[in-house]
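Hi,

Here is the structure I said I would pass on. Have a look when you get a minute, and my notes are underneath.

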Amino acid sequence: MIKIGITGGIGSGKSVVAQLLSVYGIPVYIADDESKKLTNTSPLIREQLTHLFGPDIYNANGLNKAMLAKAIFGNKDLLQQVNHIIHPEVNRHFLDWCEQKNTYQCCAIESAILFESGFNKIVDVSLLVYAPLEIRIQRALQRDHSSEEALRKRIESQISDEEKRSWVDYTITNDGKQALIPQVEKFLDQLYR
Ligand SMILES: CC(C)(COP(=O)(O)OP(=O)(O)OC[C@H]1O[C@@H](n2cnc3c(N)ncnc32)[C@H](O)[C@@H]1O)[C@@H](O)C(=O)NCCC(=O)NCCS
Ligand SMILES: Nc1ncnc2c1ncn2[C@@H]1O[C@H](COP(=O)(O)OP(=O)(O)OP(=O)(O)O)[C@@H](O)[C@H]1O
């Protein structure tokens, strides 16, 4: 089974590309969604996050996401500690998920931080969805209605896509000028060949 890692910074359009891959019959593991579920269900993550931040990091609805986001984006040391708590669990969970999908020829993981988290080491092919920074900011601000300052802090917590371009096996450009579907089809064509 071929494992594809789909990456790209906030607002690059990797969720759109992930949806297109699922239309072509490839199951996709959405790391943001699954990690959120794991932070609420894994006793190991809960214990370690509570130890690091105190009991208020969880409330009646589960993880206090706003508190965690405020603490880690802009503080590289804390970000790294939190990543070391959450990412090994996500890694394990993804590999279990892959086992369940073993009748498929391909599966994929979508993560903005494929390289930062080391998930790149457990995939066979890496695919970057690339869009220029200012376009990404416009899209993300429109979608999330968050402040530009908070968004830029998240962007600064990630390695730039310009740098990742030289590390990946394949790049799809989502700049609003080049059509996505032909690029996805070309990628799949090369992959299956
Ligand atoms: C801090 C949290 C609670 C904020 O939740 P929120 O709903 O606001 O954001 P969401 O999880 O949907 O993430 C949105 C985007 O933020 C960026 N982001 C999230 N986590 C990280 C991180 N550890 N490092 C860099 N960027 C990140 C990504 O671009 C992601 O697509 C959440 O992002 C989190 O738990 N992050 C740590 C776990 C993690 O690394 N998740 C990413 C996939 S494994
Ligand atoms: N080519 C495009 N033209 C116009 N809008 C687009 C295009 N691609 C994506 N978008 C829009 O931009 C926003 C960001 O796209 P998407 O959610 O796929 O990004 P993402 O890389 O998954 O971001 P995140 O890491 O924050 O989850 C969405 O609202 C999406 O509909």
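Below is what turned up, starting with the sheet and moving on to the core.

Bear in mind that this is a predicted model. There is an open sheet of five strands, ordered 2-5-1-6-7, with parallel pairing. Strand 2 and strand 7 (170-173) sit at the edges with a single partner strand each, so one side of each has no neighbour in the sheet. On average, neighbouring strands are turned by 20° against each other, direction ignored. If you want to look at one pairing, try strand 6 and strand 7: they run parallel and are joined by four bridges. Leu128 is opposite Thr171 of strand 7 there.

Two helices to check against the sheet: helix 1 packs on it and touches strands 1, 2, 5, 6 and 7, with its direction at about 165° to that of strand 5. Helix 9 (residues 180-192) also packs on the sheet, touching strand 1, strand 6 and strand 7, and its direction makes about 165° with that of strand 7.

Now the core. The largest nonpolar core has 33 residues, and the ones touching the most other members are Ile6, Val17, Leu21, Ala108, Ile109 and Leu127. Elements giving two or more residues to this core include strand 1 (2-7), helix 1 (14-23), helix 5 (76-100), strand 5 (106-110) and strand 6 (125-130).

Ile6 is a good place to start clicking. Beyond its neighbours within four places in sequence, Ile6 is in contact with Lys14, Val17, Ala18, Ala108, Ile109, Glu110, Leu127 and Val129.

Cheers

Note on methods
Residues are numbered from 1 along each chain as its sequence is written. Chains are lettered from A and ligands numbered from 1 in the order in which they are written. This is a predicted model: local features need pLDDT of at least 70, side-chain atom pairs count only at pLDDT 80 or more; totals for chains, interfaces and linings use all residues. A nonpolar core is a set of buried Ala, Val, Leu, Ile, Met, Phe, Trp, Tyr and Cys residues joined through C-beta atoms within 7 Å. A residue is buried if 20 or more other C-beta atoms lie within 10 Å of its own, exposed if 12 or fewer, and partly exposed in between; C-beta atoms are placed from the backbone. Two residues are in contact if their C-beta atoms, placed from the backbone, lie within 7 Å. Two strands pair if DSSP finds at least two bridges between them. Axes are lines fitted to C-alpha atoms, for helices over the stretch in contact, and angles run from 0 to 180 degrees between N-to-C directions.
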